[in-house]
Amino acid sequence: MENNMSNIIVMTHGEFAEGIVKSAEMIIGQQKNLKSVTFHPEMCLDSLVLEFKSKMKEFDNDNPCLIFVDLFGGSPSNAVAILLAENYDIQAVAGVNLPMLLEVLGGRSIFPIDMLVKQAEMAGTEGVVNIVKRFLED
C-alpha cells in the first residue's frame with residue numbers, strides 16, 4: 001500500500017517546517033514521502049514556489065500531495081495559490097500543528113487525500129486543549 005502513500009510537504013515561515021517534521025518523526029519514526037520547505041526572510045514568493053517544485057520532484061512518484069502551511073494568507077499559502085493557478089493537483093491546509101501532522105501521517109497509506117484533509121482539520125482543532133481547565137474538570 002506504500003506505493004499509494006500521499007506525499008506531504010510542510011511549508012512555513014522560518015525553521016518551523018523542519019522542526020515540526022523532526023518532532024513528528026521523533027514520535028512515530030522516520031517517514032517516507034515527507035518533506036519540509038522553509039521560507040527564509042531573504043526569499044521572494046517566486047523562490048518559495050521554485051523550492052516547492054524542487055521538493056515535489058524529489059518525491060519521484062505520481063502520488064497526491066498534501067501541503068501544510070502555517071498561516072492562511074502568508075507567503076507559503078500564497079505559494080499554494082500560485083501552484084493551484086498553475087494547475088498543480090494538490091490539497092492544502094493552513095494552521096499546521098503537531099496533532100494534525102501526526103494524524104495525517106498515520107492515515108495516509110490507508111485513506112484518500114480528501115479524507116486526510118478532513119482528518120487534518122479535525123485533529124488540528126481537537127489538538128488545542130486548555131490543559132488547566134481539563135485537569136480541573138477531573
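What follows is a short working chat about a predicted model of one protein chain.

Me: Quick overview first. How many helices and strands in the chain?
Reply: Six helices and four strands. Keep in mind that the model is predicted.

Me: And what pattern do they follow along the sequence?
Reply: The chain reads β-α-β-α-β-α-β-α-α-α.

Me: How compact is the chain next to a globular protein of that length?
Reply: It is as compact as one, because its radius of gyration is 15 Å and the globule rule gives a close 14 Å for 138 residues. The C-alpha atoms fill a box of roughly 50 × 40 × 25 Å along the principal axes.

Me: What share of the residues is buried?
Reply: 40% of the 138 residues count as buried.

Me: What about the surface, how much of it belongs to carbon and sulfur?
Reply: 54% of the accessible surface, which comes to about 8000 Å².

Me: On to the inside. Which residues have the most contacts in the largest nonpolar core?
Reply: Ile8, Val10, Leu66, Phe68, Val93, Leu101 and Val104. That core has 19 residues.

Me: Which elements give two or more residues to it?
Reply: Two strands and three helices are on the list: strand 1 (7–13), strand 3 (65–69), helix 1 (16–28), helix 4 (98–107) and helix 5 (113–126).

Me: Where is the other core?
Reply: It lies apart from the largest one and has 16 residues. Val37, Phe59, Ile67 and Val80 are among them.

Me: Any general background on such cores?
Reply: In soluble globular proteins, nonpolar side chains tend to be buried together.

Me: Back to Val93. What does valine 93 touch, leaving out residues up to four places away in sequence?
Reply: Leu66, Ile67, Phe68 and Val69, then Met100, Val117 and Ala120.

Me: How much of the contact in the chain is long-range? Say, 24 or more positions apart.
Reply: Such pairs make up 75% of the contacts with a separation of 6 or more.

Me: New topic, backbone angles. Which way does phi usually point?
Reply: Most residues other than glycine have a negative phi.

Me: So what is phi at asparagine 33?
Reply: Near 55 degrees, a positive value in a residue other than glycine. Asparagine 33 lies in the loop between helix 1 and strand 2 (34–39).

Me: Is asparagine 33 buried or exposed?
Reply: Buried, because its relative accessibility is 19% and the cut-off is under 20%.

Me: And aspartate 60, what is its phi?
Reply: Phi of aspartate 60 is also positive, near 55 degrees. Its place is in the loop between helix 2 (45–59) and strand 3.

Me: Buried or exposed, aspartate 60?
Reply: Exposed, with a relative accessible area of 71%.

Me: Now threonine 38. Where is it found?
Reply: In strand 2. Threonine 38 counts as buried, at 11% relative accessibility.

Me: What does threonine 38 touch beyond four places in sequence?
Reply: Thr12, Gly14, Glu15, Met43 and Leu48.

Me: How far is threonine 38 from alanine 79?
Reply: 12 Å between C-alpha atoms, with the two 41 residues apart along the chain.

Me: Glutamates next. Where is glutamate 86?
Reply: In the loop between helix 3 (75–85) and strand 4 (90–94). Glutamate 86 counts as partly exposed, at 40% relative accessibility. Its C-alpha atom is 14 Å from that of methionine 56, 30 residues away along the chain.

Me: And glutamate 126, buried or exposed?
Reply: Exposed, at 54% relative accessibility. Glutamate 126 is found in helix 5.

Me: How far apart are glutamate 126 and methionine 100?
Reply: 8.9 Å in space, C-alpha to C-alpha, and 26 residues in sequence.

Me: Last one. How many positive and negative side chains?
Reply: 10 positive and 19 negative. The centres of the two sets lie 2 Å apart.

Definitions and conventions:
Residues are numbered from 1 along each chain as its sequence is written. This is a predicted model: local features need pLDDT of at least 70, side-chain atom pairs count only at pLDDT 80 or more; totals for chains, interfaces and linings use all residues. Side-chain values use heavy atoms; hydrogens and water are left out. A nonpolar core is a set of buried Ala, Val, Leu, Ile, Met, Phe, Trp, Tyr and Cys residues joined through side-chain atoms within 4.5 Å. Buried means under 20% relative accessible area, exposed over 50%, partly exposed in between (1.4 Å probe, protein chains only). Contact means heavy atoms within 4.5 Å. The radius of gyration is taken over C-alpha atoms; the globule rule is 2.2 Å times the number of residues to the power 0.38. Accessible areas come from the Shrake-Rupley method with a 1.4 Å probe; for residues, only the protein chains shown count as cover. Lys and Arg count as positive and Asp and Glu as negative; His and the chain ends are not counted. The place of a charge is taken as NZ of Lys, CZ of Arg, CG of Asp or CD of Glu.
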